[in-house]
Amino acid sequence: MPALRAGAQIAIVAPASAAPGAADRAAIWLASRGFAPVVMPAARTRMPAPFDYLAGPDAARLQDLHAAFSDPAIGAVWCLQGGFGSWRLLDQVDYGLLRANPKPFIGYSDITALHLAIQRHAGFVTFHGPMPAQDGLGDAPDAGSEPELWAMLGGQMGQGSWIEPPADSPPVALAPGVATGRLVGGNLALIGALTGSRHAIDTRDAILFIEDVNEAIPRIDRLLSQLRAAGKFAGLKGVLAGRFSRLLGQGSDDESAQAALYPLLQAHFQPLGIPVLANWPSGHIEPNLTLPLGATVTLDTARAALRLEQAVTLAGAPAGEGGGA
């Protein structure tokens with residue numbers, strides 16, 4: 001996949017929920033980083049009630065996605081925010097078009113639906129990473145996330161590079177070990193919602209990444225049990241658990257709240273005899289480290305880090321340059 005070049009055009013798309021005014025703030029932020037933002041039309045709109053959780057009709061959001069991928073001048077496709085609605089597009093996406101025009105695609109939360117479907121049907125790496133309307137990027141950049149984000153998108157992190165959390169965000173090894181596999185996953189609720197569909201997660205020989213927000217521990221238990229019952233734990237090589245922020249019933253969002261989840265994660269994954277690393281700083285938090293979904297990585301719990309076993313973007317490959325919004 002071509003790396004994102006300095007000065008490239010970046011499309012701002014809203015395949016899920018609306019965020020009034022956020023697209024233009026995101027454009028200002030991207031321009032301040034030297035890029036040429038292209039705000040796609042649906043990113044500036046909102047559906048009327050009762051569908052006001054969507055940024056425009058399905059057809060408009062889908063058209064924006066297709067246009068952003070098909071335009072050779074655009075170097076990356078960046079989702080404005082998550083929310084709800086990406087899953088409504090999955091059966092209509094032209095995966096052949098995406099496969100023929102791979103480029104960095106960035107987002108998380110509800111965007112997990114598109115990550116899973118793109119990996120299933122288009123077969124290229126996508127990036128679980130910060131979004132302008134959801135992570136403060138448009139106003140006050142998340143300094144803990146930005147350097148790694150640009151290095152990965154720009155091709156500076158190649159095979160053998162380590163993805164390591166900041167010193168003040170240490171992960172916790174719940175089961176020690178080293179494992180290599182495709183990194184798959186994202187938001188646990190979306191992974192569960194797509195189970196049983198043709199877009200369901202493929203966990204064979206994989207490192208499973210999960211995170212979520214505003215969930216209660218019993219509901220997380222139910223979602224993990226659903227995945228186990230669907231056979232999604234068979235063949236797993238390892239587990240990377242991100243932060244589960246705003247855990248319902250915990251009364252805080254500190255380390256003790258995360259620790260309340262550890263016995264549940266151990267109960268589900270320790271019987272598999274695979275390494276499990278928890279409290280990883282990716283998800284609905286800051287820092288929100290970018291993860292290359294679909295890429296082969298090595299999970300090393302002793303180092304509390306991931307090693308890239310392949311290049312995820314290639315510097316020097318053709319990519320969109322110039323232009324404007």
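This report covers the nonpolar core and the two largest pockets of a predicted model.

## Nonpolar core

The largest nonpolar core holds 106 residues, and within this core I210 and L265 touch the most other members. Helix α1, spanning residues 22-32, contributes the largest share, 6 residues.

Contacts of I210, apart from neighbours within four places in sequence, include L265 itself. The others are G186, L188, I191, L224, L240, A241, G242, F244 and F269.

## Largest pocket

The largest pocket encloses about 210 Å³ of space. Its lining consists of G83, F84, W87, S109, D110, Q134, N187, A189, L190, D212, V213 and H284. At least two of these residues come from α6 (188-194), and at least two from β9 (206-213).

By class, 5 lining residues are nonpolar, 5 are polar and 2 are charged.

## Second largest pocket

For the second largest pocket the volume is about 180 Å³. The residues around this space are L116, Q119, R120, G123, F124, V125, R182, V184, A200, I201, D202 and G294.

Two elements, α4 (112-121) and β8 (178-187), each provide at least two residues of this lining. The largest share, 3 residues, belongs to α4. The lining of the second largest pocket divides into 6 nonpolar, 3 polar and 3 charged residues.

Methods. Residues are numbered from 1 along each chain as its sequence is written. This is a predicted model: local features need pLDDT of at least 70, side-chain atom pairs count only at pLDDT 80 or more; totals for chains, interfaces and linings use all residues. Side-chain values use heavy atoms; hydrogens and water are left out. A nonpolar core is a set of buried Ala, Val, Leu, Ile, Met, Phe, Trp, Tyr and Cys residues joined through side-chain atoms within 4.5 Å. Buried means under 20% relative accessible area, exposed over 50%, partly exposed in between (1.4 Å probe, protein chains only). Helices (H or I, at least four residues) and strands (E, at least two) are DSSP runs, numbered from the N terminus. Contact means heavy atoms within 4.5 Å. On a 1 Å grid over the protein atoms alone, a cavity is a set of points where a 1.4 Å probe fits but cannot get out, and a pocket is an open set with protein on both sides within 12 Å along at least five of seven lines; lining residues have an atom within 4 Å of a point. Grid points are joined across faces, edges and corners, and a volume is the space filled by probe spheres set on the points. Ala, Val, Leu, Ile, Met, Phe, Trp, Tyr, Cys and Pro count as nonpolar, Asp, Glu, Lys and Arg as charged, and the others, Gly among them, as polar.
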